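Me: I am new to this structure and would like to go through it with some care. Could you show it to me before I ask my questions?

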Amino acid sequence: MERIMIRLIFAILALATVLAVPAVRAQRYDPNYPVCMHVFGPLEGERMDCIFTSIPQCQATASGLPAMCLINPYFAGRSVRHRR
């Protein structure tokens with residue numbers, strides 16, 4: 001009986017630990033756009049929207065939201081071809 005109780009306690013503790021740790025979602029940075037909007041807050045959730053071509057465009061969208069505009073660190077940019 002004592003062994004069953006110990007196992008039950010460990011199972012409950014393990015379950016509580018798993019449920020207490022928030023799931024980490026992968027942030028998606030679209031390499032086709034140079035500017036991202038980081039949205040955060042309990043009502044909006046937390047996400048990264050990389051769909052903007054400029055900081056002013058992002059700032060206009062972020063106005064009034066718990067958000068900030070950032071340069072996309074994964075922006076691939078246009079490939080530059082040199083003519084010879």
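Me: Which pattern of helices and strands does the protein chain follow along the sequence?

Reply: This is a predicted model, in which local features need pLDDT of at least 70 and side-chain atom pairs count only at pLDDT 80 or more, while totals for chains, interfaces and linings use all residues. Residues are numbered from 1 along each chain as its sequence is written, and side-chain values use heavy atoms, leaving out hydrogens and water. The protein chain has two helices and three strands, these being DSSP runs numbered from the N terminus, with at least four residues (H or I) for a helix and at least two (E) for a strand. Read along the sequence, the pattern is α-β-β-α-β.

Me: In what order do the three strands lie in the open sheet?

Reply: Two strands pair if DSSP finds at least two bridges between them, and strand E1 (residues 35–39) pairs with E3 in the antiparallel sense over five bridges. The pairing in this open sheet is antiparallel, and the order of its strands is E2-E1-E3.

Me: Is Asp-49 buried or exposed?

Reply: Asp-49 lies in strand E2 (residues 47–52), and its side chain is joined to that of Arg-47 by a polar contact of 3.0 Å (a pair of N or O atoms within 3.5 Å, where within protein one must be able to donate a hydrogen and the other to accept it, and residues adjacent in sequence count only if both atoms are side-chain atoms). Buried means under 20% relative accessible area, exposed over 50%, and partly exposed in between, with a 1.4 Å probe and protein chains only. Because its relative accessible area is 19%, Asp-49 is buried.
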